[in-house]
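Load the model in your viewer and keep the selection tool at hand. The stops below are given in the order in which to select them.

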Amino acid sequence: MLTLGTDSGGMMSDMLPKAVREGLAAPNRNKFRHRLTIHAGGKVYPILRLFDRGFEVDDGTANHLRGLVDIYDGQRHMTHALIVATGEEDGVRRYEYKRQTPATATPPRDFVEP
């Protein structure tokens, strides 16, 4: 049960409806569940599994991804990738990288610094 504090020795959470208590507890349960995400076309898709050559996403929410995407770990931009769909099984779509470039905070230098 979620503890919100006390009021005259009693639990304030006892006064809240069950649906409200569950709603308040849900973000804590799923805090890191979908930390890895794909950003493409102004939308964000949770990554179910990330591996060396690609990633998997829920086919129901991201079955049309292709081309250039950005991969994030929370707020940290990890990589830019050119992807291609390689299969679907049990509602999970697999994508593999055609090209993957680590994201950097600064543009690459095209000259040698003194």
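The structure, a predicted model, holds 6 salt bridges. The tour begins with some of these.

**Stop 1: Arg 49 and Glu 56.** Select both side chains. Arg 49 forms a salt bridge with Glu 56, and the closest N and O atoms are 3.3 Å apart. Arg 49 is partly exposed because its relative accessibility is 37%, between the limits of 20% and 50%. Glu 56 has a relative accessible area of 15% and therefore counts as buried, the cut-off being under 20%.

**Stop 2: around Glu 56.** Keep Glu 56 selected and show strand S5, residues 54-58, in which Glu 56 lies. Now add Arg 94: its side chain and that of Glu 56 are joined by a polar contact of 3.0 Å. Which other residues does Glu 56 touch, not counting residues up to four places away in sequence? Besides Arg 94, the list holds Ile 47, Leu 48, Arg 49, Phe 51, Val 92 and Arg 93.

**Stop 3: Glu 96 and Arg 53.** Select this pair next. A salt bridge joins Glu 96 to Arg 53, with the closest N and O atoms 3.6 Å apart. The pair links distant parts of the chain: Glu 96 belongs to strand S8, Arg 53 to the loop between S4 and S5, and 43 residues separate them. Arg 53 is exposed, because its relative accessible area of 59% is over the 50% limit.

**Stop 4: Asp 73 and Arg 76.** Move to this pair and show its side chains. The salt bridge between Asp 73 and Arg 76 has its closest N and O atoms 3.7 Å apart. Add Arg 35 to the selection: Arg 35, Asp 73 and Arg 76 are linked in a network of salt bridges. Is Asp 73 buried or exposed? Asp 73 counts as buried, because its relative accessibility is 17%.

**Stop 5: the S6-S7 hairpin.** Switch to a cartoon view. Asp 73 stands opposite Arg 76 in S7, so this salt-bridged pair is also a pair across the two strands. S6 and strand S7 (residues 76-89) run antiparallel and are joined by 7 bridges. The two strands form a hairpin with 2 residues between them. Select Gly 74 in the turn and check its backbone: phi is positive, at about 65 degrees.

**Stop 6: the S3-S6 pairing.** Highlight strand S3 (residues 36-40) and strand S6 (residues 67-73), which pair in the antiparallel sense over 4 bridges. Thr 37 stands opposite Tyr 72 in S6.

**Stop 7: Tyr 72.** Select Tyr 72, which is found in strand S6. Tyr 72 is buried because its relative accessible area is 19%, under the 20% cut-off. A distance label from Tyr 72 to His 39 should read 7.5 Å, C-alpha to C-alpha, although 33 residues separate them in sequence. Leaving aside neighbours within four places in sequence, Tyr 72 is in contact with Arg 35, Leu 36, Thr 37, His 39, His 77 and Met 78.

**Stop 8: the nonpolar core.** Finish with Ile 38, Phe 55, Leu 65 and Ile 83, the residues with the most contacts inside the largest nonpolar core, which has 14 residues. S3, strand S4 (43-51), S5, S6, S7 and strand S8 (92-102) each supply at least two residues of this core. Centre the view on Ile 38. Not counting residues up to four places away in sequence, Ile 38 touches Lys 43, Val 44, Tyr 45, Ile 47, Phe 55, Leu 65, Val 69, Asp 70 and Ile 71.

Technical notes. Residues are numbered from 1 along each chain as its sequence is written. This is a predicted model: local features need pLDDT of at least 70, side-chain atom pairs count only at pLDDT 80 or more; totals for chains, interfaces and linings use all residues. Side-chain values use heavy atoms; hydrogens and water are left out. A polar contact is a pair of N or O atoms within 3.5 Å; within protein, one must be able to donate a hydrogen and the other to accept it, and residues adjacent in sequence count only if both atoms are side-chain atoms. Contact means heavy atoms within 4.5 Å. Buried means under 20% relative accessible area, exposed over 50%, partly exposed in between (1.4 Å probe, protein chains only). A nonpolar core is a set of buried Ala, Val, Leu, Ile, Met, Phe, Trp, Tyr and Cys residues joined through side-chain atoms within 4.5 Å. A salt bridge is a side-chain nitrogen of Lys or Arg within 4 Å of a carboxyl oxygen of Asp or Glu.
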